[in-house]
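Let's take a friendly walk through this protein together. Have the sequence and the 3D view open as you read.

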Amino acid sequence: MSWLLFWLLLHITAAIIAFGPNFVFPLIGSLVPKHPHALHFAVELQHKMETGLIIPVALTMLVSGTGLIITANINVLATTFLLVAIILYLIALSIAVFNQVPTTSKLLKLTAGGPPPGAPPGPPPPEVMALINRAKYGGIALTVPLLSQGGSTPVRSSDSWQAPL
């Protein structure tokens, strides 16, 4: 196996592992209105996935991406799509680190005890709903850069750019 294929395999695998779970979060969130007692569990699950899987694996993409760039001898400044992809990656990472993690951390604290005893059934308190919406809209904002990076990474093959096999 060549170094190029090694870095490509790592990069694609990391992208699937890091960004795939983001598309599950809306499914988890859609269950909470049907099972309000499970709100804390849903928030804890999402927070654990963000901090223990998504962000750490997404950060490894810096290493595998750099390995790809060096191995394929790509001039980043002359490759517009790659510059755009790097910017979108940094935007997605920033949203995850600076919006999603602090929001789910606050939600964890606010939902830790569950609803107060004797609380009527219904939506969570306004402060909790505001944070849920913040996480929801942050997730929607995350989807745009993630979906915009689709396609294959071109590699240099003799004298032309081609998608890897």
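A polar contact here is a pair of N or O atoms within 3.5 Å, where, within protein, one must be able to donate a hydrogen and the other to accept it. With that in hand, please keep in mind that this is a predicted model.

**Overall layout**

The protein has 5 helices and 2 strands. Read from the N terminus, the order of these elements is α-α-α-α-α-β-β. Of the 165 residues in the protein, 34% are buried. Among contacts with a separation of 6 or more, 76% are between residues 24 or more positions apart. The accessible surface comes to about 10200 Å², and carbon and sulfur atoms account for 72% of it.

**How far to trust the model**

The mean pLDDT of the protein is 86, with 88% of the residues at 70 or more. Confidence is highest in H3, at 95, and lowest in strand S2 (residues 160-162), where the mean is 43. Over residues 155-165 the pLDDT stays under 50, and the model has 17 contacts beyond four places in sequence for this stretch. Where pLDDT is low, the predicted coordinates should not be read in detail.

**Where H3 meets H4**

A good place to look is Glu 50, which lies in helix H3 (residues 39-71). Is Glu 50 buried or exposed? Glu 50 counts as buried because its relative accessible area is 5%, under the 20% cut-off. Which side chain does the side chain of Glu 50 join in a polar contact? The partner is Thr 104, at 2.9 Å. Beyond four places in sequence, Glu 50 touches Thr 104 along with Phe 25, Ile 55, Pro 56, Gln 100 and Val 101.

His 47 also lies in helix H3, and with 15% relative accessibility it is buried. Setting aside residues up to four places away, His 47 touches Val 101, Thr 104, Ser 105 and Leu 108. Thr 104 is thus listed as a contact of His 47 and as a contact of Glu 50.

On the other side of these contacts is Val 101, found in helix H4. Val 101 is buried, at a relative accessible area of 16%. Its contacts beyond four places in sequence are His 47, Glu 50, Thr 51, Ile 55 and Ala 96.

Two C-alpha pairs link residues that are well separated in sequence:

| C-alpha pair | Places apart along the chain | Distance |
|---|---|---|
| Glu 50 and Val 97 | 47 residues | 8.7 Å |
| Val 101 and Lys 48 | 53 residues | 9.5 Å |

**The loop after H3**

Between H3 and helix H4 (80-111) there is a loop, and Asn 73 has its place there. Asn 73 is not a glycine, yet its phi is positive, at about 55°. Is Asn 73 buried or exposed? Asn 73 counts as exposed because its relative accessibility is 64%, over the 50% cut-off.

**A nonpolar patch on the surface**

Which residues form the nonpolar patch on the surface? They are Met 1, Trp 3, Leu 5, Phe 6, Leu 9 and Leu 10, with about 660 Å² of accessible area together. One of them, Leu 10, belongs to helix H1 (residues 3-19). At a relative accessible area of 39%, Leu 10 is partly exposed.

How values were computed. Residues numbered from 1 in each chain as written. Predicted model: local features only at pLDDT ≥ 70, side-chain atom pairs only at ≥ 80, totals over all residues. Heavy atoms only, no water. Helix = DSSP H or I, 4+ residues; strand = E, 2+ residues; numbered from the N terminus. Buried < 20%, exposed > 50% of the residue type's maximum accessible area, 1.4 Å probe, protein only. Contact = heavy atoms within 4.5 Å. Patch = residues over 30% accessible without salt bridge, like charges linked within 9 Å, V, L, I, M, F, W, Y side chains within 5 Å. Areas by Shrake-Rupley, 256 points an atom, 1.4 Å probe, with all protein chains shown as cover. Salt bridge = Lys/Arg side-chain N within 4 Å of Asp/Glu carboxyl O. pLDDT = per-residue confidence, 0-100.
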